[in-house]
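Subject: Structure handover

Hello,

Please find the structure below, with its sequence. My notes on what was found in it come after.

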Amino acid sequence: MDISEILNYILYGFSGLCFGASASRYSVLATVNMVEAYRKNGFSGLSSCWFGILFVLIAAFVFPVWFIGRTTVGGFCYYAMFIYFYNRGYQLYIKNRR
């Protein structure tokens, strides 16, 4: 293993961290909008949140599968960052809502 392989792994991991942080932030915002729309209008309120639903599905399932196909290190970092910050952000929303 030479220095270029090590640097590639570090850069793949860093890109996974960056993508995961931004995807989790916008996924929490989309989820909060969906929850509020559901509370106001029931299932019919979710029809106005189609972009948020699509974003969460892509951020949680489609993009990570594609990313892991390119680099497993980046995909692992993406999922770790996404799950951690999504959970943390949603728990903060629940705590502040009370």
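The notes below go through a helix, the nonpolar cores, the aromatic rings and a charged pair. Please keep in mind that this is a predicted model.

Helix α3

Helix α3 covers residues 72–97, which is 26 residues. From its first C-alpha to its last it reaches 37 Å, close to the 38 Å expected at 1.5 Å a residue. Just at its start, a side-chain oxygen of Thr-71 comes to within 3.5 Å of the backbone nitrogen of Val-73.

Several residues of α3 are buried: Gly-74, Gly-75, Cys-77, Tyr-78, Met-81, Phe-82 and Tyr-93. The cover over these buried residues includes α1 and α2, the latter being residues 50–70.

Nonpolar cores

In soluble globular proteins, nonpolar side chains tend to be buried together. The largest nonpolar core here has six residues: Ala-23, Ala-59, Ala-60, Phe-67, Tyr-78 and Phe-82. Two elements, α2 and α3, each give two or more residues to this core. The largest share, three residues, comes from α2.

Which residues does Ala-23 touch, leaving out those up to four places away in sequence? They are Phe-55, Ala-59, Tyr-78 and Phe-82. Apart from the largest core lies another, of five residues, including Ala-30, Met-34, Ala-37 and Val-56.

Aromatic rings

There are 14 aromatic pairs in the structure. Two of them are described here.

The rings of Phe-19 and Phe-67 have their centres 5.8 Å apart. Their planes stand at 85°, so the pair counts as edge-to-face. This pair links distant parts of the chain, with Phe-19 in helix α1 and Phe-67 in helix α2, 48 residues apart. Are these two residues buried or partly exposed? Phe-19 has 40% relative accessibility, so it counts as partly exposed. Phe-67 is buried, with a relative accessible area of 6%.

The other pair is Phe-82 with Tyr-86, again with ring centres 5.8 Å apart. Here the planes are at 15°, so the pair is stacked. Phe-82 and Tyr-86 are four residues apart in helix α3, so about one helical turn separates them. At 7% relative accessibility Phe-82 counts as buried, while Tyr-86, with a relative accessible area of 23%, is partly exposed. The cut-off for buried is under 20%, so Tyr-86 does not meet it.

Ring pairs also link a set of residues into a cluster: Phe-19, Phe-63, Trp-66, Phe-67, Tyr-78, Tyr-79, Phe-82, Tyr-86, Tyr-90 and Tyr-93. Both pairs described above have their residues in this cluster. Phe-67, Tyr-78 and Phe-82 are in the cluster and also in the largest nonpolar core.

A charged pair

Side chains of opposite charge can pair when their charged atoms come close. How many salt bridges does the structure hold? It holds one, and the side chains that meet in it are those of Arg-39 and Glu-36, at 3.8 Å from N to O. Both residues lie in helix α1, residues 3–41. They are three residues apart, about one turn of the helix. Arg-39 counts as partly exposed because its relative accessibility is 45%. Glu-36, at 29% relative accessibility, also counts as partly exposed.

Regards

Notes
Residues numbered from 1 in each chain as written. Predicted model: local features only at pLDDT ≥ 70, side-chain atom pairs only at ≥ 80, totals over all residues. Heavy atoms only, no water. Salt bridge = Lys/Arg side-chain N within 4 Å of Asp/Glu carboxyl O. Buried < 20%, exposed > 50% of the residue type's maximum accessible area, 1.4 Å probe, protein only. Expected span 1.5 Å × (residues − 1). Contact = heavy atoms within 4.5 Å. Polar contact = N/O pair within 3.5 Å; in protein donor to acceptor, adjacent residues only side chain to side chain. Core = buried A, V, L, I, M, F, W, Y, C linked by side-chain atoms within 4.5 Å. Phe/Tyr/Trp six-rings, centres within 6.5 Å; stacked < 30°, edge-to-face > 60°.
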